[in-house]
Amino acid sequence: MTQDVITAHEYAERIAWPLERKIKESWERIAAWVSYWGKEASLSFSGGWDSTVLLHLARTCPHIDGHALPVYFADTGTEYPDIRKFVKSTPGVTWVRPKMKFHEVIGKYGYPVVSKRVAQYVGEVQRANTAQIVRLRTTGWRENGTHSPMSTIPQKWQFLIGAPFKVSDKCCDKIKKAAMKGTGHALVGVRAAEAKNREKVYLQYGCNAFDIDRPRSWPMAFWTDEDVREYTAVHNLEYCPIYDLGYHRTGCFPCAFGVHLEPWPNRFQLMQKTHPRLWNLCMDRYGFQMVFEFMNEWLPAKQQISFHWSDYTAREARKHQQAELPMAV
Ligand code: SF4
């Protein structure tokens, strides 16, 4: 059994399927995964909303004994307390932990900033002991004379090479993946519509990719936000109340990947308001204040990373004032 390449047209069709059809299709993918891996099949439960729906789908799947499927939660030490509390209240979940803690990972390897690709390349140059890797990552030129723009750190982010802190893409490997090591082949509640790179991976491999280096299953890949909400309402499912505080994502609270792209209030702004102790932990103990201040010195004003809730409220107040001003005649 191999992966299932999907065209953009097929993807659009799947996204448009009615919820009833999506449920049936997800059940089929779950059953195929469990039948392929047998006792090695498992489910990765994050406590997030999509994951909550996936757990319910698996446990109600008519083709397998969903309650016999092992369910694991990676207790990385970087989840919101609301998520931990919600997972604790969910029966049948085994907690697994990584060896390293977040502050050890950023100290030893570096901070997860911008994106995995940029962080990987910047980290390689920071640690480089050959001119070759520096040339490749800063100009895109390989030793054999070919040019690869995708192998380069975008010009905008090259200042990170000289940052007074390390940058790295290793965090997920050392924390999330390390925690899940030995937990079998997990079903994961990822949706392609969440991010462009997820959509790209989905089009390349489909829901179940059995024959790749790291086999993976996304049985809800073709679900939308609305489907998740509708399913929750129809089945009267409990979900983590953190979503009612304005959060759209509930991954690791100190993660800075992609924060520069988020609409305001971004995750750090919101955290300062709803979880000020965690925000202080990020800024002081983990050192994100220093990281963001350094990055802001190099970024154009409009792209600077705000991590203060007050910046968001001040901007909203300005918008409100402008809306109330009389029209110029
Ligand atoms: S999501 Fe971010 S903080 Fe969490 S393990 Fe991955 S890189 Fe680290």
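This short talk covers the domains of one protein, the interface between two of them, and the surroundings of a ligand.

Good morning, colleagues. Please keep in mind that the structure before you is a predicted model. The protein is divided into three parts: domain 1 takes residues 8-100 together with 172-245, domain 2 takes 113-162, and domain 3 takes 256-320.

I turn to domain 1 and domain 3. Taken over C-alpha atoms, their centres are separated by 29 Å. Five residues from domain 1 and five residues from domain 3 make up the contact. Between them, the two domains bury about 430 Å², and carbon and sulfur atoms account for 68% of that area.

Which residues supply 77% of the area that domain 1 buries against domain 3? They are Tyr-80, Pro-81 and Leu-245, and no other three residues supply more. By class, the side of domain 1 that touches domain 3 has four nonpolar residues, one charged residue and no polar ones. Across this interface the rule finds zero salt bridges. One residue pair is in polar contact there, with both residues at pLDDT 80 or more.

Let me move to the ligand. Its surroundings consist of Phe-102, Pro-112, Cys-171, Cys-172, Ile-175, Lys-176, Cys-252, Cys-255 and Phe-257. Which element gives the largest share of this shell? Helix α8, residues 171-180, does so with four residues. By class, the shell around the ligand has eight nonpolar residues, one charged residue and no polar residues.

To close, I return to the two settings. The side of domain 1 facing domain 3 has no polar residues by class, and the shell around the ligand has none either. Thank you for your attention.

Note on methods: Residues numbered from 1 in each chain as written. Predicted model: local features only at pLDDT ≥ 70, side-chain atom pairs only at ≥ 80, totals over all residues. Heavy atoms only, no water. Domains from an automatic or database assignment. Contact = heavy atoms within 4.5 Å. Buried area = accessible area lost by both parts, 1.4 Å probe. Salt bridge = Lys/Arg side-chain N within 4 Å of Asp/Glu carboxyl O. Polar contact = N/O pair within 3.5 Å; in protein donor to acceptor, adjacent residues only side chain to side chain. Nonpolar A, V, L, I, M, F, W, Y, C, P; charged D, E, K, R; others polar. Near = heavy atom within 4 Å. Helix = DSSP H or I, 4+ residues; strand = E, 2+ residues; numbered from the N terminus.
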